[in-house]
Amino acid sequence: MTAQLPSKNISADQAIAALSTQAQPRVSDAEMRQAVRTLLIGLGEDPDREGLLDTPKRVVKALKFLTSGYNQSLDELLNGAIFHENTNEMVLVRDIDLFSSCEHHILPILGRAHVAYIPNGKVIGLSKVARICEMYARRLQVQERLTAQIADALQGLLQPQGVAVVVEATHMCMVMRGVQKPGSWTVTSAMKGVFADDARTRQEFMSLIRHSPAFH
């Protein structure tokens, strides 16, 4: 489920409502556990042997946690933490750890997000920046969409002068299978407002987040 970016001419409350996303389960836990049992049988395993007896329950619980972002919404996450502040200097939160799952193979995506915005009369609680990143990461994702969703959310909520998001990640679908290239990493970016229009502002942001990527 993807929220639509709201118009610039609506209130903050309307922007939050427009960006809010929340999905309801379509199947029961029992049905999900049975699906895991079927997968185990298809892999040649015996789901009734001692070591696998509780595996379907554990897998369902783990997947629900790893995709818990589907059951979160921006209005609940923010809890009113948008404040009026007369400042126009860059706000940057860098090195936000991200743990997501590739929607093509449901394998881990591990990385970091760097998020900046230049206020236009409103700021957001710093911890909420990290929570927004986590909410969108805790879904089945592609890195390009994850990056855009973080930028769109901040742009819609704060209507700032600009937003910049860079995500650096390594994908286990490339490391553990397929081309099997450990150490490879992917960088995606989304630039809005002055970050897209002003090369000096964009360069300042890029220089502040520059480092040698290392994922463990």
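In this predicted model, the largest cavity encloses about 30 Å³ of space. One cavity of 30 Å³ or more is present in the structure. The lining of the largest cavity is formed by Leu98, Ser100, Ile109, Leu110, Gly111, Gln143, Leu146, Val167 and Ala169. Two or more of these lining residues come from each of the elements β2 (91-102), β3 (108-118), α6 (143-158) and β6 (162-171). The largest contribution is that of β3, which supplies three residues to the lining of the largest cavity. In terms of residue class, the lining of the largest cavity comprises six nonpolar and three polar residues, and no charged residue.

Helix α3 was examined for its length and for the placement of its buried and exposed residues. This helix covers residues 55-66, and because each residue is expected to add 1.5 Å, its 12 residues should span 16 Å; the C-alpha atoms at its ends lie 16 Å apart, in agreement with that expectation.

The buried residues of α3 are Thr55, Pro56 and Val60. Viewed down the axis of α3, these buried residues fall within an arc of 130 degrees, and they therefore line one face of the helix. Among the elements that cover the buried residues of α3 is α2 (29-42). On the face of α3 turned away from the buried side, the exposed residues are Arg58, Lys61 and Phe65. Helix α3 thus carries Thr55, Pro56 and Val60 as its buried residues, while Arg58, Lys61 and Phe65 are exposed on the face turned away from them.

Notes
Residues are numbered from 1 along each chain as its sequence is written. This is a predicted model: local features need pLDDT of at least 70, side-chain atom pairs count only at pLDDT 80 or more; totals for chains, interfaces and linings use all residues. Side-chain values use heavy atoms; hydrogens and water are left out. On a 1 Å grid over the protein atoms alone, a cavity is a set of points where a 1.4 Å probe fits but cannot get out, and a pocket is an open set with protein on both sides within 12 Å along at least five of seven lines; lining residues have an atom within 4 Å of a point. Grid points are joined across faces, edges and corners, and a volume is the space filled by probe spheres set on the points. Helices (H or I, at least four residues) and strands (E, at least two) are DSSP runs, numbered from the N terminus. Ala, Val, Leu, Ile, Met, Phe, Trp, Tyr, Cys and Pro count as nonpolar, Asp, Glu, Lys and Arg as charged, and the others, Gly among them, as polar. The expected span of a helix is 1.5 Å times one less than its number of residues. Buried means under 20% relative accessible area, exposed over 50%, partly exposed in between (1.4 Å probe, protein chains only). The arc is that of the directions from the helix axis to the C-beta atoms. Contact means heavy atoms within 4.5 Å.
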